[in-house]
Amino acid sequence: MSSPFRKLLFAAAALALGAEAQAFEPRQLRVCADPDNLPYSNQEGAGFENKIAELIAQDLHATLEYDWWPQRRGFVRRTIGAGMCDLLIGVPADFERVATTRPYYRSAYVFVTRRADPVPDFGSPAIRERRIGVQLIGNDMAATPAGHALSRAGATANVTGFTIFGDGPAAERMVHAVDSGEIDAALLWGPQAGWFAARAQLPLKVSIARPPAGTPEPFEFDVALGVKRGNKALLAELEGVLTRRQGEIDGILAQYHVPRTDKGEGR
């Protein structure tokens, strides 16, 4: 066999082997998530968004890989926007900075109270006398939509703000303050409230907060999966996963005590 022909044969064999290896290379699903943000996610995989990510990767026959980044201002730009990952597990369904699937759950702001105590009512003057904790979000300490509603109801004198800075998550500290009697009620985002209330020492009640009439800010939000804009192929695959696995996702959310308004829940 001539030397040139032998070299050509070896080159063709090497290309074939390379193509075969590439064909059997396992698919990766790269997810960006916060490494310490229960009940959503942590590095140990203990959050409900970790469990949903595992379910999606299993359905797509992909290996799940994480890129960890604290969920602070700039999270989307520095993660999926910079090409670090393929998928964000929980984003508002109308979030314009990514392409989103259909919602896979809907939740709301809730009141957490002790089981025997009345739930605060935005329409009652008595709300001004209740000691209520609210979340202050972001680096600028802005109030949530529910916090703004309290302000419009005149319930400011006895309100305590809980910032993102402190010993443990703000939601955990708020629920502990209700549990210990430091405040009468906590007004916070449902998925966080349900998780921490279920772990309190005393029996606590989680109730959907009903906004007063004319409130401009929404209290309820649809939550979806998010991919980089333009990634139509992955978006279509994820829609298929939601169709096939919604029941299992519902089960995960129930295990984590996520209050849902798309299921008529809320005590």
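**Cavity first**

I started with the lining of the largest cavity, which by class has five nonpolar, two polar and one charged residues. This is a predicted model, so I keep that in mind for everything below. How many cavities of 30 Å³ or more does the structure hold? I found one. The volume of the largest cavity comes out at about 30 Å³. I wrote down its lining: Val-31, Cys-32, Ala-33, Ser-41, Glu-49, Asn-50, Tyr-66 and Ile-89. Two elements, β1 and α2, give two or more residues to that lining. β1 gives the most, with three residues.

**The disulfide**

Cys-32 was in the cavity lining, and I looked it up again for its sulfur. Which residue is bonded to Cys-32? The partner is Cys-85, and the two sulfur atoms sit 2.2 Å apart. The cut-off for a disulfide is 2.5 Å, so I count this pair as one. The total for the structure is one disulfide. I also noted the torsion about the S-S bond, -115°, which makes the link of Cys-32 and Cys-85 left-handed. Cys-32 lies in strand β1 (residues 27-33) and Cys-85 in the loop between α3 (75-78) and β5 (87-92), so the bond ties together parts that are 53 residues apart in sequence. Are these cysteines buried or exposed? Cys-32 is at 4% relative accessibility and counts as buried. Cys-85 is also buried, at 4%.

**The largest pocket**

Next I went to the largest pocket, which holds about 1700 Å³ of space. It is lined by 47 residues, and those closest to its centre are Asn-37, Tyr-40, Gln-71, Ile-137 and Gln-192. Which element gives the most to this lining? I got β5, with five residues. I sorted the pocket lining by class and got 27 nonpolar, twelve polar and eight charged residues. I then checked the lining against the domains: at least three residues come from domain 1 (28-105 + 221-256), and at least three from domain 2 (107-208).

**Helix α6**

Gln-192 from the pocket list took me to α6, since it is among the buried residues of that helix. How many of the residues of α6 (190-197) are buried? I counted eight of eight, so the helix is mostly covered. The buried residues are Gly-190, Pro-191, Gln-192, Ala-193, Gly-194, Trp-195, Phe-196 and Ala-197. I looked up what covers them, and the cover includes α2 (48-59), β7 (105-114), β8 (132-137), α5 (170-180), β11 (185-189) and β12 (204-208). In that cover, α2 turns up again, after giving residues to the cavity lining.

**Backbone oddities**

I went looking for unusual backbone geometry. The peptide bond from Leu-38 to Pro-39 is cis, with omega near 15°. I placed Pro-39 in the loop between β2 (36-37) and β3 (41-42).

Then I checked for positive phi outside glycine. His-61 has a phi of about 55°. I found His-61 in the loop between α2 and β4 (62-68). It is exposed, at 72% relative accessibility.

His-257 also has a positive phi, about 60°, and is not a glycine either. Where does His-257 sit? I placed it in the segment after α7. At 41% relative accessibility, His-257 counts as partly exposed.

**Asp-250**

I stayed with α7 (residues 232-255) for one more entry, because Asp-250 lies in it and I wanted its burial value: 17% relative accessible area, which is buried. The cut-off for buried is under 20%, so Asp-250 makes it into that class. What does Asp-250 touch, leaving out residues up to four places away in sequence? I listed Tyr-104, Arg-260 and Lys-263.

**Whole chain**

I closed with totals for the protein chain. I noted seven helices and 13 strands. Of its 267 residues, 44% are buried. I also looked at contacts between residues at least 6 apart in sequence, and 74% of them join residues at least 24 apart.

How values were computed: Residues numbered from 1 in each chain as written. Predicted model: local features only at pLDDT ≥ 70, side-chain atom pairs only at ≥ 80, totals over all residues. Heavy atoms only, no water. Helix = DSSP H or I, 4+ residues; strand = E, 2+ residues; numbered from the N terminus. Buried < 20%, exposed > 50% of the residue type's maximum accessible area, 1.4 Å probe, protein only. Contact = heavy atoms within 4.5 Å. 1 Å grid on protein atoms, 1.4 Å probe; cavity = no way out; pocket = protein on both sides within 12 Å on 5 of 7 lines; lining within 4 Å. Points joined across faces, edges and corners; volume = space filled by probe spheres on them. Nonpolar A, V, L, I, M, F, W, Y, C, P; charged D, E, K, R; others polar. Domains from an automatic or database assignment.
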